[in-house]
Amino acid sequence: MSYQMLVVLSFVLFVIGMIGVAMRRNLIIVLVSLELMLNAVNILFISASRYLHTLDGQIFVIMVITIAAAETAIALALVVKVFKMAGMVKIDDLKKLKW
Amino acid sequence: MELNIVRYILVFPLLGFLVNGFAGPRLGNKTVGLIAGGAVLLSLSLSVYVFFRLIALPADARLITDTVYTWIHSGSLTIDFKLMVDPLTSVMLLVVTGVGFLIHVYSIGYMHGDRSYPRFFAYLNLFMFAMLLLVLSSNIILMFVGWEGVGLCSYLLIGFWYEKDSAANAGKKAFITNRVGDYGFLLGVFLLASAFASKGILTLDFTTMAAHISLISPKILTVAGILLFVGATGKSAQLPLYVWLPDAMEGPTPVSALIHAATMVTAGVYMIARMNFLYVLAPTALEVVAVVGGLTALYAATIGLVQNDIKRVLAYSTISQLGYMFVGVGVGAFSAGIFHLMTHAFFKALLFLGAGSVIHALSGEQDMRKMGGLKNKIPVTHAVFLAAALAISGIPGLSGFFSKDSILSAAYASGHTFIWLLGFITALLTAFYIFRLIYMTFYGESRVEKHAAEHVHESPKVMTIPLIVLAVLSVFGGYIGVPQLLGSLIGWHHSDIFVNYLAPVFHTAPALPEMAVPTESLLMIGSIAMAILGVFAAWYVYLKSKMKTAQSAAGALPGVYRLLLNKYYVDEIYNAVIIRPMMLFSEVFLWKFFDVKIVDGAVNGSASLTQRASNRIRKIQTGDFQVYVMLFLIGVITVLAYFVLR
Amino acid sequence: MISHVLFAATAVLLILTYIYAVVAGSPVYSALSMGAAFFLTSFLFVLLGAPFLAAVQVIIYVGAMLIMFLFIIMMFNLNKEPAAPVQYKASTVVSYLLIMLVLVVSFFMARGVMKMPSGFTVVGFGSAENIGFNLLRNYVLPFELASFILLVGVFGAITFVKKRNRV
């Protein structure tokens, strides 16, 4: 069991999450993928914390979870808002923010 | 002695300014007047209190300080916001707040009905604050703040009726002319600061400077003294920077009385008296001061002889009297200069306010050729005006006589015979032009225009009472400085209270040589004779012969008359030599070339460059979230590749 | 040995749940799959000596976040996948990501095998006591800042959704 295996695992998970963010059109699924990316990073932190035998990584994970919670709350609020405005939650509805 | 209430002398006018400036229009005119007058009255009461605290101290320890906070702290240089009251300051304090208060009261009546009433009182209070700061400051930097502050208020108040082009222009002229002087003043301050710093003294406190002045070489002191005096010529309207003061008469009359007669224009005299420790060691600079003062006194008096606008006559008279003050401090008789400053503040403020009362009575007429015979119609104004005129002419027994005489005798005693002669002739001219004004205004036939004649009326009490108080001061104010020669006649030893009071401030100044009693008596009789001669001549020319003599004199010497009437064409010369070339340079080079081509070109060029570039690259902003994610991905890969492959 | 097996099984399941969460046709399945991934992650945390965080993971992610997602989906009936064209090919994305994967893996492999400390758990290493001690002694300021961010998040969510009085 080596550290690299954990790194590769978390990286693979991260990439899967990123594919979801980049490819899906449904806003909810994009958000789910985003959470999964954060989770992949958390795994990396925990592994590093174990490998280096220090608690700093775990503290960091607590921070990430906190921020993720706040971010999800706001993102879901935005989803609700978009839904109320457009009746759909396609990403294409959010194209107004350009020149 | 440290006394923490001194700062409140400053605080009240500042508060008055803030309240009237921000809330004035909502308070109603009555409250505004009350606040403004009340603020100055509080300052006056505090000044009186401080004055009594000061004279309770032993004569050689009369110094009250009040350190408010450290204002500038940079490296080893420390400048405190520190106020100081010594005998000289206390005299200025009482004059400024006293005359200032009377003028505030007068203004309540005079400005009645003006639509910018609150603004006027806000400016007036701001002026009081700045002037008191100038007087109270204990170092030259803080003094400069007040010095600039009064300049600003002067500008604001001259241009008070800014809808009139002439008023707006006069304000600008005053401000710009003062800038020229202030440039010299600042250079002087910098020179002093660097000179002291090179000796390891990193402060510009007056007391510290006075204690260490002997470390500085006399050459530097002379240059610094002359540079500071350049500032004084601007502020106190001396040759060659006097041109703004006659035009400043565009402002409301109380402003002319307060700023351009009694207080601000005397700041230069005060500054030289304050820096006496420097000027004593720089005799050349002092000589310059005296000569410029003497020449200005005579020069302005000659112009005053032929002016027809009642306020302009008084303006030239002010310039001339300021010249006297500079003669006083210039010949080393600092106390005499300050004494004349004080008495002049009384009678000149009175003359201006009286003129204001006349103008008020005639519904705004300022031309003396359209006055005359007003004696019985406005008796109170006439009485106080006459008192002031007698005082300024130097008729024995009134304040102006004592102060003017002490300056002239000091000039003679110190050996400046030429300057004495200038002052001596000016005394004659002074009496002549001021009584010319009196006879043209109050006596003879009425030349008042019909519609104005119907409304002639005495001013309300709120205006006449300050006039009467000032008249009392003009008549009796001189008795605190009776020359020893006259005092001893009636067995009054130490009759020269004023000089003795100020003596500790000017202790470095060498005593003037004693004059023999006959010489001094002769001088005194001479100047009395000149004054009476002047009054009599004016009576003969303007009353007895009904101005026929004046006309024939003007006809006999048309060149001289025109030269004087046009004020020696100085404005025209300045216009041709300085203003025109500068305007031309500004228009052709600075505006048409530098501003349009280079400044605007750079600004517009960079703007259009940005716009063109933005037009090209804004296509990237598709607004599609997932395209952004891809771009982000590419960025991440680039960074990763750099770390892995380097 | 058993821990190796457990790790391998968890890893494989994690990848599967991740993939399903991303490719699921309906948001509900996607969210549920995400919940499963979180459970598996918390199991991995236990294996890696972070029991406290494992609990936190379940409580916050599964207990709060997943419920929030499901709530929103069901409340607004968002369970319809909008059919919309993707603007670029999936292969582009995948190839980019493969480049990343190769880069990262080669970066770590180049350092030789980095052995994890023997055994998956150490007694008391990631306990609530130790974490709390560390958090409130060395990381008080970030801790407070995080709480502040949560507060802002609450306000933000409320403000976004609230009906405005149109001016």
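These legends walk through three close-up views of a predicted model.

**View 1. A closer look at B:Ala355 in helix H15 of chain B.** Let us start with a single residue, B:Ala355, which sits in H15(B), the helix spanning residues 334-361. B:Ala355 counts as buried because 26 other C-beta atoms lie within 10 Å, and the cut-off for buried is 20 or more. Setting aside residues up to four places away in sequence, B:Ala355 touches B:Thr253, B:Ile310, B:Lys311 and B:Leu314. You can also look for B:His382: between B:Ala355 and B:His382 there are 9.8 Å from C-alpha to C-alpha, with the two 27 residues apart in sequence.

**View 2. Helix H20 of chain B and the helices it packs against.** H20(B) runs over residues 461-476, 16 residues in total. From its first C-alpha to its last, H20(B) reaches 22 Å, close to the 22 Å expected at 1.5 Å a residue. Several of its residues are buried, among them B:Met463, B:Pro466, B:Leu470 and B:Val475. The buried residues of H20(B) pack against four helices of chain B: H3 (87-110), H15, H16 (379-393) and H17 (399-413). You have already met H15(B), as the helix that holds B:Ala355.

**View 3. Where chain A meets chain C.** Here the contact draws on 58 residues from chain A and 67 residues from chain C. On the side of chain A that touches chain C, helices H1 (3-23), H2 (27-52) and H3 (56-86) of chain A each supply at least two residues. H3(A) gives the most, with 20 residues. By kind, the residues on this side of chain A divide into 40 nonpolar, 12 polar and six charged.

Key:
Residues numbered from 1 in each chain as written. Chains lettered and ligands numbered in written order. Predicted model: local features only at pLDDT ≥ 70, side-chain atom pairs only at ≥ 80, totals over all residues. Buried ≥ 20, exposed ≤ 12 C-beta atoms within 10 Å, placed from the backbone. Contact = placed C-beta atoms within 7 Å. Nonpolar A, V, L, I, M, F, W, Y, C, P; charged D, E, K, R; others polar. Expected span 1.5 Å × (residues − 1).
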